[in-house]
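Hi there,

Here is the structure I promised to pass on. My notes on one helix and a few charged pairs follow below it.

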Amino acid sequence: MFSFDTHDGHPGDAAPEAPGGPQPRPQSLLLAFFGDHVLEEGPLCVYSGSIIDVLGRVGVGEHAVRSTLTRMVNRGLLQRRRQGRRMYFGLTPHATQILQKGRTRVWHTSAVNDDWDGTWTLLGFSLPEVWRHRRHDLRSRLTWAGFGPLYSGLWIAPGDVDISEIVAELDIAAHVKIFHARADPATDIDVMIRDTWDLESVAARYAAFEKRWITHLGDRSADPLATHLSLVAEWLGTIRTDPRLPARHLPPNWPARSAEEVFRRIAEQTGESARRVAAELLETTPLDPS
């Protein structure tokens, strides 16, 4: 599964920094755009000029948009359709699956894990040395799925996590072993979590998100589409590296709770207006089956 990595473009393609923090990169913004305004509308293609207009509202230049669209086509995330002199872009089945999972993570899964049942999923793997890229992909996808490295070849995640799809996509079934277990009472879970995950970095990202966005609460003067798009892309970039560890084993006042409240309030504040603006801006055409 594509991990919504925000480090997806060339350095020159990054949008200018937003006040108080970095702007998500163009690919992250494009994925947020398609997830918000195309995914549930059916199999549609969007005119490239509409996409340029939308991303221009968050400071991304035309050249950066066009080069990012091309890279996303090459990566199998978008497909092109030409009508006359106009170029349209639509989601591939792979990208649709990715965005549906991302949508569930953003809108239906709390950033705070209050209902952990005490179980863990463990993945042991030993990949051939020549599989460097596959090993990198595995670690990236495991991180998105909430895993952390207990030891170099043994990764662990809270809860019962189904990673069969990751294993199948990477074709590594012969090189992995998967277990579902509970920790022995002799195991200090608090210490294990601190040793396995960088809690300070995760907490810092939530705190930085809240600090940057809390000033937008109640502010209806800004462009709702630009605000909503940046908000969703940055929130996804924030939660993608959060393993959703059991709340009872995290430090007091874990910042994910207050950051999520800010996210949801601003999303509600801007969502409907953003959809109206997008509906006026977007020129679409049906996506013919490939």
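In what follows, buried means under 20% relative accessible area, exposed over 50%, and partly exposed in between (1.4 Å probe, protein chains only). This is a predicted model, so local features need pLDDT of at least 70 and side-chain atom pairs count only at pLDDT 80 or more, while totals for chains, interfaces and linings use all residues. Residues are numbered from 1 along each chain as its sequence is written, and side-chain values use heavy atoms, with hydrogens and water left out.

Let's start with helix α8 (helices are DSSP runs of H or I, at least four residues, numbered from the N terminus). Its buried residues are Leu199, Val202, Ala203, Tyr206, Phe209, Glu210 and Trp213. Seen down the axis of α8, these fall within an arc of 120° (taken from the directions from the helix axis to the C-beta atoms), so they line one face of the helix. On the other side, Glu200 and Lys211 are exposed. The buried residues of α8 pack against α7, α9 and α10, where contact means heavy atoms within 4.5 Å.

Now the salt bridges (a side-chain nitrogen of Lys or Arg within 4 Å of a carboxyl oxygen of Asp or Glu). The whole structure has 10 of them. One pairs Asp223 with Arg57, with the closest N and O atoms 2.6 Å apart; these two sit 166 residues apart, in the loop between α8 and α9 and the loop between α2 and α3. Another joins Arg212 to Glu234 at 2.4 Å. Arg212 lies in α8 and Glu234 in α9, so this pair ties together parts 22 residues apart in sequence. Glu234 counts as buried, at 10% relative accessibility.

Best wishes
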